[in-house]
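Trainee: Could you take me through one part of this structure slowly? I'd like a close look at the place where the ligand sits.

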Amino acid sequence: MERIVSLCKRRGFVFQASEIYGGIGNTYDYGPLGVELLRRVKEAWWNDVVVERANVVGLDSAIIQNPKVWETSGHVGGFSDPMVDCKKCKARFRADHLAEARCPEKPSKRPGECAGELTEPREFNLMFKTNIGPLESSSSVAYLRPETAQGIFLNFQNVLNASRLVPPFGIAQIGKSFRNEITPGNFVFRTREFEQAEMEFFVPPAEEAQWYAFWKQARFDWYVKLGIDPAMLRQREHDAAELAHYSTATNDIEYAYPFGWGELEGIACRTDFDLKRHSEASGTDLVYFDPQTKERYTPYVIEPAGGINRMALTFMIDAYEEQPLEKDVRTVLHFHPEIAPITTGVFPLVKKDGMPEKAREIEEELRRGRLATFYDEKGAIGRRYRRQDEVGTPFCITVDGDTMSGDLVTVRHRDSMEQSRVAIGELRAYLDEAMRCWTRPEPVAS
Ligand code: GAP
């Protein structure tokens, strides 16, 4: 994990937020490569959940809603973690995560195992409060949303009227959510602000079980399709004590992180809980009227809910390999080409004989064709390949003497390190095919 954190900073994926002021807990900024990785993860999710499905549409709802929304959803009253404080060092821990926590003064010990005594657990609300308008008073209090889901429930009737969809159908949203997390975050795994990708899938109540099974499988398959090792994933049903107040069943897709198994995404049965609560509290009837059967009912909801930052971290951890070679070890990120921040590196073999100009022409052509491309003419060619391996660039294209006389370039493949000679005119088709056929490489035994 430390090596990934160090790579993230060195190569511009993730920086500590407010670093020059000493940072701010559990908060990070994304650098040039990190922002590209996040963008691609979002696009891959949106393509899979919305673009490729005729019965799912998108939404972008406000972060600050009427505070009554959060009273009704149960977040103001119940969105809390049980916390205990160490009476000696004053550190605060989640009572249900004590086994993984460490005493900040004696990291070899768990909280309570050192000389410090722990308080009884107390509920700590995770909502971020703010104020609307010029005066701070109890009537100006508002909240930053802790999940994107509620914005979807609020717009259920609007979307239904505007799109004329009929259950089963889904409304998807990607956007920032905020939680006042106070436990150690394991880098970007748990942060105070993060992006969620959620979809509320509205179904006739009798079809709940069938769609719960469908989305559990579809979401698991998506991670495997994008290159995650299935042996590092598992699906785990929540037991009754673990279920959120709105859920009758929840399945977590978990990943074997360096710090242990952790939730990557949850798929929940939310029943008609949210629509009914908002109907009652707002006085607006959030029901569906089926014109064929003349039946009126409140749909049940299946919710796949993941975090974009956690997904990006997981893709990175899973792609990371320190690969032993004959003479040394190379660090490589085996990203699926669809999510790699840079798709092609373009290099002139040497900085003379027209090679840089030719390489620049190829770079521009690839950029115009919307392939994220990086031009590099500095240092030995082997070192340039290694620099791209480390950030997960799947293809590097080298212009050499033969290119100048015969129009052929070398395409070097990140995972196999194999090289092919390709005519410049066929380069784009060659790359598209290589991206389409990409499969996850077997790790080289160390
Ligand atoms: N609407 C349901 C909901 O919000 P959740 O399990 O609390 O469910 C869904 O959150 C996903 O959001 C999680 O599986 C995780 O990927 C991501 N997530 C939640 N809290 C997070 C945090 N503090 N930092 C980063 N990602 C987080």
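Mentor: Sure, here is a walk around the ligand and the strands beside it. First, some ground rules: this is a predicted model, where local features need pLDDT of at least 70, side-chain atom pairs count only at pLDDT 80 or more, and totals for chains, interfaces and linings use all residues. Residues are numbered from 1 along each chain as its sequence is written, and side-chain values use heavy atoms, with hydrogens and water left out.

Now the shell: 21 residues surround the ligand, each with a heavy atom within 4 Å of it. The closest are Glu147, Arg179, Glu181, Glu198 and Glu263. Strands (DSSP runs of at least two residues, labelled E and numbered from the N terminus) help build this shell. E10 (193-203), E13 (260-271) and E16 (300-307) each supply at least two of its residues, and E13 gives the most, with five.

Next, look for polar contacts, meaning pairs of N or O atoms within 3.5 Å. An N or O atom in the Glu263 side chain is 2.6 Å from an oxygen atom of the ligand. With Leu264, a polar backbone atom is 2.9 Å from a ligand oxygen. Arg270 brings a polar side-chain atom 3.4 Å from a nitrogen atom of the ligand. So how much of the ligand gets covered by the protein? On its own the ligand exposes 560 Å², and the protein buries 91% of that; these areas come from the Shrake-Rupley method with a 1.4 Å probe.

Key:
A polar contact is a pair of N or O atoms within 3.5 Å; within protein, one must be able to donate a hydrogen and the other to accept it, and residues adjacent in sequence count only if both atoms are side-chain atoms. Helices (H or I, at least four residues) and strands (E, at least two) are DSSP runs, numbered from the N terminus.
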